[in-house]
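Let's take a friendly walk through this model together. Have the sequence and the 3D view open side by side as you read.

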Amino acid sequence: MAAGPTPGQPRRGHRLRRLAGTGLVATLAAMVATTLAAALARTVGVDFAIPDGGGETIPLSGFAVVTGFFSVVGVVIAGALLWWCARPAHRFVWTAVALTALSLIPPFVSGANAATIAALLGLHLVAATVMIPVLTRSLRTD
């Protein structure tokens, strides 16, 4: 027989809705933070030119869009772990840290200059710093 929710613990569906709402707010915060950080980097001379991408410069809106997309992916992963795992917060931290580490590889192989690479690495960490703690707290059961 399956055990029901512990008294005082919200049901999984309620927790999932709360996670989605919190994730949406965190996604918007991460989008703003990375876009502002990219704008700041641009003002100090980072050009965000990616030669391997056809010689294009990443627009500020591109940072917001990519951050938003991958932040939503993180919320979906957190939701799946909440639904299927006994310890979703623990699993999420390991998954998110591993995915963040993997996300640091593309700047190095982009062919960009050192300033752009450093800025892109920093922007990945800005988004992770916003999203990971917020989603982890939302997944905790205690």
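Before we look inside, one bit of vocabulary will help: here Ala, Val, Leu, Ile, Met, Phe, Trp, Tyr, Cys and Pro count as nonpolar, Asp, Glu, Lys and Arg as charged, and the others, Gly among them, as polar. Please also keep in mind that this is a predicted model.

Start with the overall layout. The chain holds five helices and two strands, and reading along the sequence you meet them in the pattern α-β-β-α-α-α-α. Along its principal axes, the C-alpha trace spans about 60 × 25 × 20 Å. Of the 142 residues in the chain, 33% are buried. Look also at the contacts between residues at least 6 apart in sequence: 70% of these join residues at least 24 apart.

Now turn to the largest pocket. How much space lies in the largest pocket? The value is about 790 Å³. Its lining is made up of 28 residues, and those nearest the centre are Val66, Phe70, Ser103, His124 and Ala127. With the vocabulary from above, the lining residues sort into 19 nonpolar, nine polar and no charged. At least two lining residues come from each of helix H2 (60-84), helix H3 (88-103), helix H4 (105-109) and helix H5 (114-139). The biggest share belongs to H2, which provides nine residues.

Since H2 gives the most to that lining, let's stay on this helix for a moment. Gly74 is found in H2. Is Gly74 buried or exposed? Its relative accessibility is 15%, so Gly74 counts as buried, the cut-off for buried being under 20%. Setting aside neighbours within four places in sequence, Gly74 is in contact with Phe92 and Leu135. The first of these partners, Phe92, sits 18 residues away along the chain, and the two C-alpha atoms are 8.9 Å apart.

Aromatic rings come next. There are two aromatic pairs in the count. In one of them, the ring centres of Phe48 and Phe63 are 4.8 Å apart and the planes meet at 65 degrees, so this pair is edge-to-face, a label that calls for planes over 60 degrees apart. Phe48 lies in the loop between helix H1 (12-43) and strand E1 (49-50), while Phe63 belongs to helix H2, so the pair ties together parts that are 15 residues apart in sequence. Both partners are buried: Phe48 has 0% relative accessibility and Phe63 has 9%. The other pair, Phe69 with Phe70, is edge-to-face as well, at 4.9 Å centre to centre and 85 degrees between the planes. Phe70, which you met among the residues nearest the pocket centre, is exposed, with a relative accessible area of 53%.

Our last stop is Ser110, in the loop between H4 and H5. Ser110 is buried, with 9% relative accessible area. What does the side chain of Ser110 reach at 2.8 Å? That is the backbone oxygen of Pro107. The Ser110 side chain also reaches the backbone nitrogen of Ala112, at 3.2 Å. Not counting residues up to four places away in sequence, Ser110 touches Ile50, Pro51, Asp52 and Ile117.

How values were computed. Residues are numbered from 1 along each chain as its sequence is written. This is a predicted model: local features need pLDDT of at least 70, side-chain atom pairs count only at pLDDT 80 or more; totals for chains, interfaces and linings use all residues. Side-chain values use heavy atoms; hydrogens and water are left out. On a 1 Å grid over the protein atoms alone, a cavity is a set of points where a 1.4 Å probe fits but cannot get out, and a pocket is an open set with protein on both sides within 12 Å along at least five of seven lines; lining residues have an atom within 4 Å of a point. Grid points are joined across faces, edges and corners, and a volume is the space filled by probe spheres set on the points. Helices (H or I, at least four residues) and strands (E, at least two) are DSSP runs, numbered from the N terminus. Buried means under 20% relative accessible area, exposed over 50%, partly exposed in between (1.4 Å probe, protein chains only). Contact means heavy atoms within 4.5 Å. A polar contact is a pair of N or O atoms within 3.5 Å; within protein, one must be able to donate a hydrogen and the other to accept it, and residues adjacent in sequence count only if both atoms are side-chain atoms. Rings of Phe, Tyr and Trp (its six-membered ring) pair if their centres lie within 6.5 Å; planes under 30 degrees apart count as stacked, over 60 as edge-to-face and the rest as tilted.
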